[in-house]
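I opened this notebook to record what I looked up in a structure that was new to me. The entries follow the order in which I worked.

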Amino acid sequence: MPKHIPILLVLLAAAIIVPVLLSAQTKEEEEAPAYAKCAHCRKEKFVSVRAKDKTGKSVPLCYECAMLPRCEYCQMPSEVKTDGGDNLCRDCAKDCVKDKTEAEKVMKDVRQVLTMKFKMTTKHKIIYEVGTRKDLNLEADGEHNELGWFDPKTIRNKPQYTIRILTGLPRDVFRSVGAHELAHDWMNEELPHLSDKPEIREGFAEFVAWSFSKAEGNKRMMDYTEGRTDEVYGGGFRKVKAMMGDAKTASEWKNVLLKEFPLKGKKNDR
Ligand SMILES: [Zn+2]
Ligand SMILES: [Zn+2]
Ligand SMILES: [Zn+2]
């Protein structure tokens, strides 16, 4: 009988001490500085800051990596400088669009999505170009840091449509810029009287890009559009978005805009 007493005592002591030790350990872990795998150098280190990656997820960065220059399109340290002059992180650089053939392929797809999701379409043959800001004349209006340009022209009495996009944009950014420029093409055809209202013209193109990003489940490009603070693009976007209410297709958007900005004088005689 007395043989069992020490065993019982040991068990009793363990029952009391083990939970105390465990709780102490958890507490210590909580209070210690975060030690984790840095999302950039992938080494186990003390985490200095958290940064949003390409997908918008918050990831840890170590002290050294946090000091590096950052990607133009997310908060990760940059690794690549594109011909367009942008710093890109590893992930954004992976699928960036940097040549004409690729751009044509992606734009064909963007155009198809706009037609399918929003019935937004024109019959125009469009020429697509990629290049540096200087090549593409994107520096013409530097204050908005434009990434693309829709350029309708008349050459020998024939209309010619060109869309120019900055080289080296991450694919999702490129797609969103493409949707913005295609919205200009559509508006130029359907609502030409709005082309001299910069806030509505750019606001509508941003609204189309935002709707497109939403349809694609692209949260970061939605955030990007929503976060623009300048008057023409950001302000215009908020104005047009508020105007649109439940309107979901290009013809409904057109009706809203026509109601808000009627054609002056006689009806559209196109
Ligand atoms: Zn690191
Ligand atoms: Zn990035
Ligand atoms: Zn624009």
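**Entry 1: the zinc ion (ligand 3).** I began with the spacing of the donors of the zinc ion (ligand 3), which along the chain is H-x3-H-x17-E. H180 lies in helix α5 (residues 171–190) and E202 in helix α6 (residues 198–215), so this pair ties together parts that are 22 residues apart in sequence. I noted early that the model is a predicted one. I then looked up the coordinating atoms, and found H180 (NE2), H184 (NE2) and E202 (OE) at 2.0 to 2.1 Å. I also asked whether H180 is buried or exposed. With a relative accessibility of 4%, H180 counts as buried. E202 counts as buried too, at 6% relative accessibility.

**Entry 2: the zinc ion (ligand 1).** Which residues coordinate the zinc ion (ligand 1)? I found C38 (SG), C41 (SG), C62 (SG) and C65 (SG), at 2.3 to 2.4 Å. The angles subtended by the 4 donor atoms run from 101 to 114 degrees, which makes the arrangement tetrahedral; for that term, all angles must lie between 85 and 135 degrees. In sequence I read the spacing of these donor residues as C-x2-C-x20-C-x2-C. Of the donors, I looked up C62 and C65, and both are buried.

**Entry 3: the zinc ion (ligand 2).** I turned to the zinc ion (ligand 2), whose protein donors are C71 (SG), C74 (SG), C89 (SG) and C92 (SG), lying 2.3 to 2.4 Å from the ion. Here the 4 donor atoms subtend angles of 100 to 120 degrees, and the arrangement is therefore tetrahedral. The donor residues are spaced C-x2-C-x14-C-x2-C in sequence. Where in the chain do C71 and C89 lie? C71 is in the loop between α2 (63–66) and β4 (80–81), and C89 is in the loop between β5 (87–88) and α3 (90–94); the pair links distant parts of the chain, 18 residues apart. I recorded C71 as buried, with a relative accessible area of 7%, and C89 as buried at 3% relative accessibility.

**Entry 4: a sheet and a helix.** I next examined an open sheet of 3 strands, and wrote down its order as β6-β8-β7, with mixed pairing. Why is one side of β6 and of β7 left without a neighbour in the sheet? β6 (126–131) and β7 (148–155) stand at the edges and each has a single partner strand, so one side of each has no neighbour there. From one strand to the next the twist averages 25 degrees. I checked the pairing of β6 with strand β8 (residues 158–166), and it is parallel, over 6 bridges. I also looked up V130, whose bridge partner in β8 is I165. Helix α4 (residues 100–118) lies across β6 and β8, and runs at about 130 degrees to β6.

**Entry 5: aromatic rings.** How many aromatic pairs does a search of the whole structure find? I counted 8 aromatic pairs. For F118 and W253, the ring centres are 5.3 Å apart and the planes stand at 35 degrees, so the pair is tilted. F118 is in helix α4 and W253 in helix α9 (residues 250–260), and the pair links distant parts of the chain, 135 residues apart. Both residues, F118 and W253, are buried. I closed the entry with the aromatic cluster formed by F118, W186, F204, F207, W210, F237 and W253.

Technical notes:
Residues are numbered from 1 along each chain as its sequence is written. Chains are lettered from A and ligands numbered from 1 in the order in which they are written. This is a predicted model: local features need pLDDT of at least 70, side-chain atom pairs count only at pLDDT 80 or more; totals for chains, interfaces and linings use all residues. Side-chain values use heavy atoms; hydrogens and water are left out. Two strands pair if DSSP finds at least two bridges between them. Helices (H or I, at least four residues) and strands (E, at least two) are DSSP runs, numbered from the N terminus. Axes are lines fitted to C-alpha atoms, for helices over the stretch in contact, and angles run from 0 to 180 degrees between N-to-C directions. Contact means heavy atoms within 4.5 Å. Donors are N, O and S atoms within 2.8 Å of the metal (3.2 Å for Na, K and Ca); water is not among the atoms, so sites may look incomplete. Four donors count as tetrahedral if all angles lie between 85 and 135 degrees; four count as square planar and six as octahedral if opposite donors are over 155 degrees apart and all others between 65 and 115; anything else is irregular. Buried means under 20% relative accessible area, exposed over 50%, partly exposed in between (1.4 Å probe, protein chains only). Rings of Phe, Tyr and Trp (its six-membered ring) pair if their centres lie within 6.5 Å; planes under 30 degrees apart count as stacked, over 60 as edge-to-face and the rest as tilted.
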